[in-house]
Amino acid sequence: MTEYPRVDERFRMVERQIAARGIHNPRILSVLRQVPRHVFIPQPYDQSAYDDNPLPIGNGQTISQPYIVALMTDLLDPQPEDRILEIGAGSGYQAAILASLAARVITIERIPAVADLARSNLEMLGIGNATVIVGDGTLGHPADSPYNGIIITAATPEIPKPLLDQLDDGGQLVAPVGDREIQELVRIEKTGGRFVEKRYGSVRFVPLIGAYGWEEGNA
Ligand code: SAM
């Protein structure tokens, strides 16, 4: 397996920001130590790639804080044979983490230039089991459904119904749900056609813009 530069910074990030905050799944910690977060962040912010915060990736969008990526991954709990749908590819970091844990990842991004960035980052790292699609992720991607896990990495007023429909029975959906300023991290499990919801504290994401999200420019 390729060892990417800045490995000491990644080990420190995992120890101080992630394991210290209670995430102990060894598969997830191992992938976070391997995937080079700095590749997903444009200059000059790549210098701060292993700091404890989100960073700009261009087009007014952000790469999520490492701890939030770890927490959402832990809540989703992807298994090696799983098919996962992500809404909001950004520059592709969360997709790279998921692709290292699951069989297949489909990630949808609404801004074409951001989708291109994600695609080239994933290609550069030789990640072949993640596909980046341009579109409105609130509609999901029925062609490859049902999914064992769905993760929304933008703030949504409610869980888009098409995504609930595309979640397999026994599957998990993780999303920040709330208003445009502040949200709660929500995990929904689909069991026997029912949805069981748990909440995991406050988070702050850029808005999910689309048919089942927010209207563009309506801050
Ligand atoms: N997952 C990313 C990562 O690994 O760092 C972070 C995603 S960023 C916080 C949110 C992304 O969601 C932005 O790139 C934004 O353009 C995208 N987005 C917003 N609404 C969307 C929609 N309806 N469909 C797909 N992508 C959307």
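**Entry 1: the largest pocket**

I sorted the lining of the largest pocket by residue class and found 18 nonpolar, 14 polar and five charged residues. The model is a predicted one, and I read the pocket in it with that in mind. I noted a volume of about 600 Å³ for this largest pocket. Which residues come closest to its centre? Of the 37 lining residues, these are Thr62, Thr153, Ala154, Phe205 and Val206.

I then looked up which elements contribute to the wall. At least two lining residues each come from β2 (61–63), α3, β3, α4 (93–99), β4 and β9. Strand β2 gives the largest share of the lining, with three residues.

**Entry 2: the second largest pocket**

For the second largest pocket I recorded a volume of about 260 Å³. Its lining consists of 14 residues, and those nearest the centre are Met1, Gln34, Val35, Ser100 and Ile127. How many charged residues does this lining hold? I found no charged residues there, but eight nonpolar and six polar ones.

**Entry 3: the sheet**

I traced the open sheet next and read its seven strands in the order β5-β4-β3-β6-β7-β8-β9, with mixed pairing. Why do β5 and β9 each have one side without a neighbour in the sheet? Strands β5 (130–134) and β9 (194–203) are at the edges and each has a single partner strand, so one side of each remains unpaired in the sheet. From one strand to the next, I noted an average twist of 15 degrees.

Within the sheet I examined β6 (residues 147–152) and β7 (residues 167–178), which run parallel and are joined by four bridges. At this pairing, Tyr147 is opposite Leu167 of β7.

**Entry 4: helices on the sheet**

I checked which strands helix α3 (residues 66–76) touches as it packs on the sheet: β3 (83–87), β6, β7, β8 (183–191) and β9. The direction of α3 makes about 150 degrees with that of β7. Helix α3 also supplies at least two residues to the lining of the largest pocket.

I then turned to helix α5 (residues 112–124), which lies across β4 (104–109) and β5. The angle of α5 to β5 is about 170 degrees.

**Entry 5: the β1–β2 hairpin**

Parallel or antiparallel: how do β1 (residues 55–58) and β2 run? I found them antiparallel, joined by three bridges. Leu55 has Ile63 of β2 as its bridge partner. The two strands form a hairpin with two residues between them, and Asn59 in the turn has a positive phi of about 55 degrees. I note again that β2, one arm of this hairpin, provides the largest share of the lining of the largest pocket.

**Entry 6: backbone points**

I looked for cis peptide bonds and recorded one between Gln43 and Pro44, with omega about 0 degrees. Pro44 sits in the loop between α2 (26–34) and β1. I recorded another between Ser145 and Pro146, with omega about 5 degrees. Pro146 belongs to the loop between β5 and β6.

I also noted Arg6, a residue other than glycine with a positive phi, near 70 degrees. Arg6 lies in the segment before α1 (7–18).

**Entry 7: confidence**

Finally, I consulted the confidence values. The chain has an average pLDDT of 97, and 99% of the residues score at least 70. Which element has the lowest mean pLDDT, and which the highest? Among the elements of the chain, β2 is lowest at 96 and β3 is highest at 99. Where pLDDT is low, I keep in mind that predicted coordinates should not be read in detail.

Conventions. Residues numbered from 1 in each chain as written. Predicted model: local features only at pLDDT ≥ 70, side-chain atom pairs only at ≥ 80, totals over all residues. Heavy atoms only, no water. Pairing = 2+ DSSP bridges. Axes fitted to C-alpha atoms, helices over the stretch in contact; angles between N-to-C directions. Contact = heavy atoms within 4.5 Å. 1 Å grid on protein atoms, 1.4 Å probe; cavity = no way out; pocket = protein on both sides within 12 Å on 5 of 7 lines; lining within 4 Å. Points joined across faces, edges and corners; volume = space filled by probe spheres on them. Nonpolar A, V, L, I, M, F, W, Y, C, P; charged D, E, K, R; others polar. pLDDT = per-residue confidence, 0-100.
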